[in-house]
Amino acid sequence: MKKILDKYKYAMIVIIALIVMIVIIGVSYQNYVKIQNKVIEIEQFQLLSLAETLAKSVENFFTNQQHNLEILSKNRTFVKDYSGFSSDGNQEDLFKNLEDYYNIQSENIELIRLVKIDGTEIYSFPTTDYTNEILTDIQQIELKKLPDVGAIYNDAGKLFLNVYQPIYYKYELTAVLYIKIKVDTVYLNFIAPVKAGEKGYASVKDSDGTLIMHPNSYGIGEDIIEVRMRAYPDFDWSELAALVEKQKNKESGVGIYHSLWFTDNDQLRIKKFSAYAPANIGSDFWIVNISKDYLEVVSFLKNRTYTIVIVNFLLLLVFVTFGLLFYKFTKDKAIIEKERALIIEVKALNEALEYDISKRIKLESELISSKNKFENIFESGSDCIFVVSADRSAQILEVNYKVELSLGYSKEQLLTMSYFDISSRVQMDAYYKLVQDVDIKAGITFEDELHGIDDKVIPVEINARIMNNENQTQIVMISRDITMKRLFDKEMEENKKREALMIYQSRLAAMGEMIGNIAHQWRQPLSGLAMIYNNIIDAYKYDELDEAYLEAQGVRHADLVKFMSSTIDDFRFFFDPKTEKRDFLISSVSDRTLDFLKETIRLNNIEVTVKLENDVLINGLPNQLSQVLFSIIKNAIDAIVQNNTEEKKIFLDISRTDENLTMTILDSGGGVDTNFLPKLFDAYFTTKDEQTGTGLGLYISKVIIEKNFKGNINAANKENGLCITINFPI
């Protein structure tokens, strides 16, 4: 038996070595598959997150443009200019604010234009738009009566689309204000900066699958599947077609399909990742797509697996060699001990090597992921980002693509410049103090003005933080353009002044109503005072004036004067200028308001019913709440008198629910035209003629309830009249 073992011992060692090698390869392959699946899962998640973020950025761009047009259309200067144009048809020296808006948005828009509802141009800057797409989009606006984003169209070989804002004059749709945006502008600002690996890129299709943005201009404006099939008719495009159908259904996700890179001349068919997400553009949507090479993700895993197999094979070869030596020198104990020690050391080295390799694979994967994520975030940000040295030179070390777009300098030019070259407010001494403040406070925010080419000046708000990079202290500055913020703040200030003027006008109108009511209430006591005087004169003439008679007339005189004084006190309460909040009972406001109007109510034979089961204590401004009730009830009286209804009734219901107070005022005045209901609380809107209505009463009531009482006010036709409901927290 021993002889047989000695004879076949080398063959046995080789067989054992082969078995071990097969086991190592099998284990390595299983690990490779597990790691590959995990890496693919992580990559798909990151690509989808990037696609969704990019889609949201494009969506926000158009949402902001629509919002800007809405603000512009309600601007007081624009409304005044359009009213003047509508009156005399002369547009000379009008609509200069449209030119100002274009100058602010010139990086994003091609022109801004105002046209009549039939498409006739009113005003355009800087040029006239000769395309006919406006007529088709106006038809949609007339149907929807809402702002919208028009369809993409071709103009002189370039793709454009328009953002629309309907303009109403005297409650009719009479014009459309729109801006023209080049699709390439959206592409350069948001899509082009996005990279996915060495060859990956971002592209955009519309909801019909038509390609509208792509690094390769071939096929722009055509169906993506038709373009691919025409260019490569021998390829199977069913995988791509299935993905496009999902995208056209407004789905988001990540797919894998076979295609080729347009930059490869050999036309090799490769495997790709495709992450896609919808971006809502007006009433339609676009499909944002990010493509990445599949092999870029998994190839490094194959290389690491091959390396592990080769290393293990070499180690196994060493093991076999030492095994043979072991059998060869069995009689030499010293050599056997050395071989044993060597085998133990090799085993330890193998384990350490396997651990180092696995750790390195993990670290490299995390590093690549973090690097790609950082680059994508850095380049696709909507704010300008500077990395500046913290020493006195303030050398610009790195910038993102947004800086190039904003200032007009190339990245190469900026990296040769100092921050002092582009700053209006920060120079060497100020920068030295700024660095100290950033270091102490771990970050500061300040305002500056940045200079670009052609004397371009951009007001910005900058957030600065310390960053330590390779033993060098740097300052990261994130700069946000606050041009629109300054314009918005100015507009808000104008709105506050306008609102204060409206409140003042409303008070004057209400004062006129109040003076009329005081005149009604004083007419009877004044007649009584005159009668007392005449009675005293007659008593004196006929010797009937004695002490008892004089005292009786004096008591009547005092009562009438007291009544008139009480009326004046009520008037002073209504127009109390104090704005300090205080506690008051809701019944005191309702009773006093009805007292103001009791003579008007009596003269018009109107029945007023008040329902208040439990009185409620409120903290606020009672005179302002009384002004709201006064405007609403006075409008109800006017409606009843104007329509001469058979039932002349006003019903006031005050109730409490949980922590809220509800006040309902219902009249029998016939209600309001349903077309006017949405505009009932608009400033200067009135259903009365110009001599009796200012259009401010209900608008100011809405402002008071929403701003000073944190509530809401609504109107609806109910039964035979108008029902106004007020809700606010107690």
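In the predicted model examined here, Glu547 counts as exposed, because its relative accessibility of 61% lies over the 50% that marks an exposed residue. Glu547 is found in helix H14, which spans residues 547-574, and on the surface it gathers with Asp538, Asp543, Glu544, Asp546 and Glu551 in a patch of negative charge. A nonpolar patch is also present on the surface, formed by Ile15, Ile19 and Val23, which together have about 280 Å² of accessible area. Of these residues, Val23 has its place in helix H1, a helix that covers residues 2-73.

Taken as a whole, the chain contains 17 helices and 24 strands. Of its 730 residues, 40% are buried, and its accessible surface comes to about 40,900 Å², with 54% of that area belonging to carbon and sulfur atoms. Among the contacts in the chain with a separation of 6 or more, 59% are accounted for by residues that stand 24 or more positions apart.

The count of salt bridges comes to 18. One of these joins the side chains of Lys180 and Asp155, with a distance of 2.6 Å from N to O. Lys180 lies in strand E6 (residues 172-182) and Asp155 in strand E4 (residues 153-155), so this pair ties together parts of the chain that are 25 residues apart in sequence. The two partners can also be described by their accessibility: Lys180 is buried, because its relative accessible area is 5% and the cut-off for a buried residue is under 20%, whereas Asp155, with a relative accessible area of 23%, is partly exposed. The pair also belongs to a wider arrangement, since Asp129, Asp155 and Lys180 are linked in a network of salt bridges.

Two further salt bridges may be described in the same terms. Glu222 forms a salt bridge with Arg230, in which the closest N and O atoms are 3.1 Å apart. Glu222 counts as partly exposed at 31% relative accessibility, and Arg230 likewise counts as partly exposed, with a value of 43%. In the other case, the side chains of Glu659 and Arg656 meet in a salt bridge with an N to O distance of 3.8 Å. Here Glu659 is exposed, its relative accessible area being 53%, while Arg656, at 47% relative accessibility, counts as partly exposed.

The part of the chain around this last pair shows other features of note. Asp653 lies in strand E21, which runs over residues 649-657. When residues up to four places away in sequence are not counted, Asp653 touches Lys611, Thr662, Met663 and Thr664. For one of these, Met663, the C-alpha atom is separated by 5.8 Å from that of Asp653, the two residues being 10 residues apart along the chain. Asp658 is found in the loop between E21 and strand E22 (660-667). Although Asp658 is not a glycine, it has a positive phi of about 55°, and its relative accessible area of 69% places it among the exposed residues.

A positive phi is also found at Asn605, where the angle is about 55° although the residue is not a glycine. Asn605 has its place in the loop between helix H15 (586-603) and strand E19 (607-612), and, at 63% relative accessibility, it counts as exposed. A further feature of the backbone concerns the peptide bond from Phe125 to Pro126, which is cis, with omega near 5°. Pro126 itself is placed in the loop between strand E2 (121-125) and helix H4 (133-144).

Note on methods. Residues are numbered from 1 along each chain as its sequence is written. This is a predicted model: local features need pLDDT of at least 70, side-chain atom pairs count only at pLDDT 80 or more; totals for chains, interfaces and linings use all residues. Side-chain values use heavy atoms; hydrogens and water are left out. Helices (H or I, at least four residues) and strands (E, at least two) are DSSP runs, numbered from the N terminus. Buried means under 20% relative accessible area, exposed over 50%, partly exposed in between (1.4 Å probe, protein chains only). Contact means heavy atoms within 4.5 Å. Accessible areas come from the Shrake-Rupley method with a 1.4 Å probe; for residues, only the protein chains shown count as cover. Patches are made of residues with over 30% relative accessible area and no salt bridge: like charges are joined within 9 Å, nonpolar side chains (Val, Leu, Ile, Met, Phe, Trp, Tyr) within 5 Å. A salt bridge is a side-chain nitrogen of Lys or Arg within 4 Å of a carboxyl oxygen of Asp or Glu. Lys and Arg count as positive and Asp and Glu as negative; His and the chain ends are not counted. The place of a charge is taken as NZ of Lys, CZ of Arg, CG of Asp or CD of Glu.
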